[in-house]
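Open your viewer and load the chain. Keep the selection panel at hand for a short walk through the fold.

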Amino acid sequence: MTEFIDSEEVLCGKYTELFELFGRSKNVVFFTGAGISTAANIPDFRGDKGLDKAPINIAQMGASERDLDSKMPTFGHRAISVLLERDSRFKFLATSNHDGLHQKSGTPWEKSANIFGTATLKNVLLVGPSTPGR
């Protein structure tokens with residue numbers, strides 16, 4: 001699947017239609033998938049370089065997940081974050097991505113759901129004060 005790029009005229013028409021929909025809406029929820037992160041050089045699942053074309057082993061996957069720390073949010077991630085912050089019509093974001101770029105762009109955890117988890121979230125074990133003999 002090759003990335004599709006619209007002409008400026010077609011794109012302007014799509015923007016107009018989207019803004020009209022937003023204008024008539026009281027509650028907007030975003031749902032994003034891998035396509036929003038391809039501009040950050042994170043491959044999608046079914047694209048030309050997708051994981052379904054060249055499956056990787058678990059060691060390679062671990063190495064690629066470490067690379068996520070250096071990836072930066074795209075304009076799409078940032079636009080959603082700003083809309084969620086500044087306009088009460090925009091309520092929530094659900095994403096199938098686990099790259100953490102929505103949170104890196106400023107999207108608050110309480111306004112988002114990472115359906116498959118987040119590779120960048122570190123688990124922290126909280127323990128109480130140590131007790132001698134324990």
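The stops below go from the whole chain to the sheet, and then to a helix that crosses two strands.

**Whole chain.** Keep in mind that this is a predicted model. Show the protein chain as a cartoon: four helices and three strands appear. Follow the chain from the N terminus and the elements come in the order α-β-α-α-β-α-β.

**Surface.** Now switch on the surface. The protein chain exposes about 9900 Å², and 60% of that comes from carbon and sulfur atoms. Colour by burial next: of the 134 residues, 25% are buried.

**Contacts.** Draw contacts between residues at least 6 apart in sequence. Of these, 60% link residues at least 24 apart.

**The sheet.** Select the three strands. They form an open sheet in the order β1-β2-β3, and the pairing is parallel. Why do β1 and β3 each have one side without a neighbour in the sheet? Select 28-32 for β1 and 112-114 for β3: both strands stand at the edges with a single partner strand each, so one side of each is left free of a sheet neighbour. Check the twist as well: neighbouring strands are turned by 10° against each other on average, direction ignored.

**β2 and β3.** Select residues 90-95, which make up β2. Three bridges join β2 to β3 in the parallel sense. Zoom in on Ala94: opposite stands Ala113 of β3.

**A helix across the strands.** Finish with residues 75-86, helix α3. What does α3 lie across? Strands β1 and β2 are both crossed by α3, and α3 runs at about 145° to β2.

Technical notes: Residues numbered from 1 in each chain as written. Predicted model: local features only at pLDDT ≥ 70, side-chain atom pairs only at ≥ 80, totals over all residues. Heavy atoms only, no water. Helix = DSSP H or I, 4+ residues; strand = E, 2+ residues; numbered from the N terminus. Buried < 20%, exposed > 50% of the residue type's maximum accessible area, 1.4 Å probe, protein only. Contact = heavy atoms within 4.5 Å. Areas by Shrake-Rupley, 256 points an atom, 1.4 Å probe, with all protein chains shown as cover. Pairing = 2+ DSSP bridges. Axes fitted to C-alpha atoms, helices over the stretch in contact; angles between N-to-C directions.
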